[in-house]
Amino acid sequence: MTKLVLVGMIAVAQLGGTTMASRLSAETASFETDAVGGPPRGWLLTLTGKGAPKWTVERDQGGGAVLKQSGKATYPLAFKEGTNIRDGFVEMKFKPISG
């Protein structure tokens, strides 16, 4: 796992006989330029519930940079700053290590 893919799409609307649509926009998040062992730049790292999440950029077995959550929290969350998804979806890959 080396990338987190964020994709958003706005629905097509029919207004007064004219179809208006927004184009599909996709963004792939990469951690390749972030320092290994530290938090990624441009991300809000938080939680809901209780605990202490620990988010760090690490190298996976294939050599790529990944975002790792190694703390303990009810619901650890990582939000990419500046992202606005409405009527869309998010796609990501993850690899459970234990638990």
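A nonpolar core is a set of buried Ala, Val, Leu, Ile, Met, Phe, Trp, Tyr and Cys residues joined through side-chain atoms within 4.5 Å. With that in hand, welcome to a short tour of this predicted model, one close-up at a time.

**Figure 1. The largest nonpolar core brings together 7 residues.** Its members are Ala29, Phe31, Trp43, Trp55, Val57, Ala65 and Leu67. Strands β6 and β7 (65–69) each supply at least two residues of this core. In soluble globular proteins, nonpolar side chains tend to be buried together. Two of the members, Phe31 and Trp43, come back in the next view.

**Figure 2. Phe31 and Trp43 form an aromatic pair.** How many aromatic pairs does the structure hold? There is 1. The ring centres of Phe31 and Trp43 are 5.5 Å apart, and their planes meet at 45 degrees, so the pair counts as tilted. A tilted pair is one whose planes are neither under 30 degrees apart, which would be stacked, nor over 60, which would be edge-to-face. The two partners come from distant parts of the chain: Phe31 sits in the loop between β4 (25–30) and β5, Trp43 belongs to strand β5, and 12 residues separate them in sequence. Are these two residues buried or exposed? Phe31 is buried, with a relative accessible area of 3%, and Trp43 is buried too, at 10%. Both values fall under the 20% limit for a buried residue.

**Figure 3. Pro40 sits in the loop between β4 and β5.** This proline is buried, having a relative accessible area of 6%. Which residues does Pro40 touch, once its neighbours within four places in sequence are left aside? They are Phe31, Asp34, Leu45, Val57 and Leu67. Among these partners, Phe31, Val57 and Leu67 also belong to the largest nonpolar core. To place Pro40 against another part of the chain, look at Ser30: the two residues are 10 apart in sequence, and their C-alpha atoms are separated by 9.5 Å.

**Figure 4. Glu32 and Arg59 meet in a salt bridge.** The whole structure has 2 salt bridges, and in this one the N to O distance is 3.1 Å. Glu32 lies in the loop between β4 and β5 while Arg59 lies in strand β6, so the pair ties together parts that are 27 residues apart in sequence. Both ends are partly exposed: the relative accessible area of Glu32 is 37%, and that of Arg59 is 42%.

**Figure 5. Asp34 and Arg41 form a salt bridge.** Here the closest N and O atoms are 3.3 Å apart. How accessible are the two partners, buried or exposed? Asp34 is buried, with a relative accessible area of 8%, whereas Arg41 is exposed, at 57%. Asp34 may look familiar, as it is also one of the contacts of Pro40.

**Figure 6. Thr56 is a buried residue of strand β6.** The strand covers residues 55–59, and the relative accessibility of Thr56 is 5%. A polar contact of 2.8 Å joins its side chain to that of Glu58. Beyond its neighbours within four places in sequence, Thr56 is in contact with Gly37, Gly38, Val66, Leu67 and Lys68. One of these, Leu67, is a member of the largest nonpolar core.

**Figure 7. Gly51 is an exposed residue of strand β5.** This strand runs over residues 43–52, and the relative accessible area of Gly51 is 51%. That value is over the 50% cut-off, so Gly51 counts as exposed. What does Gly51 contact, if its neighbours within four places in sequence are left out? Its partners are Lys72 and Ala73. Pro76 is 25 residues away along the chain, yet the C-alpha atoms of Gly51 and Pro76 are separated by 8.4 Å.

**Figure 8. The whole chain has 9 strands and 0 helices.** Stepping back from the close-ups, the pattern along the sequence reads β-β-β-β-β-β-β-β-β. Of the 99 residues, 17% are buried. The chain exposes about 7400 Å², with carbon and sulfur atoms supplying 55% of that area. Among contacts with a separation of 6 or more, 49% join residues 24 or more positions apart.

Key
Residues numbered from 1 in each chain as written. Predicted model: local features only at pLDDT ≥ 70, side-chain atom pairs only at ≥ 80, totals over all residues. Heavy atoms only, no water. Helix = DSSP H or I, 4+ residues; strand = E, 2+ residues; numbered from the N terminus. Buried < 20%, exposed > 50% of the residue type's maximum accessible area, 1.4 Å probe, protein only. Contact = heavy atoms within 4.5 Å. Polar contact = N/O pair within 3.5 Å; in protein donor to acceptor, adjacent residues only side chain to side chain. Phe/Tyr/Trp six-rings, centres within 6.5 Å; stacked < 30°, edge-to-face > 60°. Areas by Shrake-Rupley, 256 points an atom, 1.4 Å probe, with all protein chains shown as cover. Salt bridge = Lys/Arg side-chain N within 4 Å of Asp/Glu carboxyl O.
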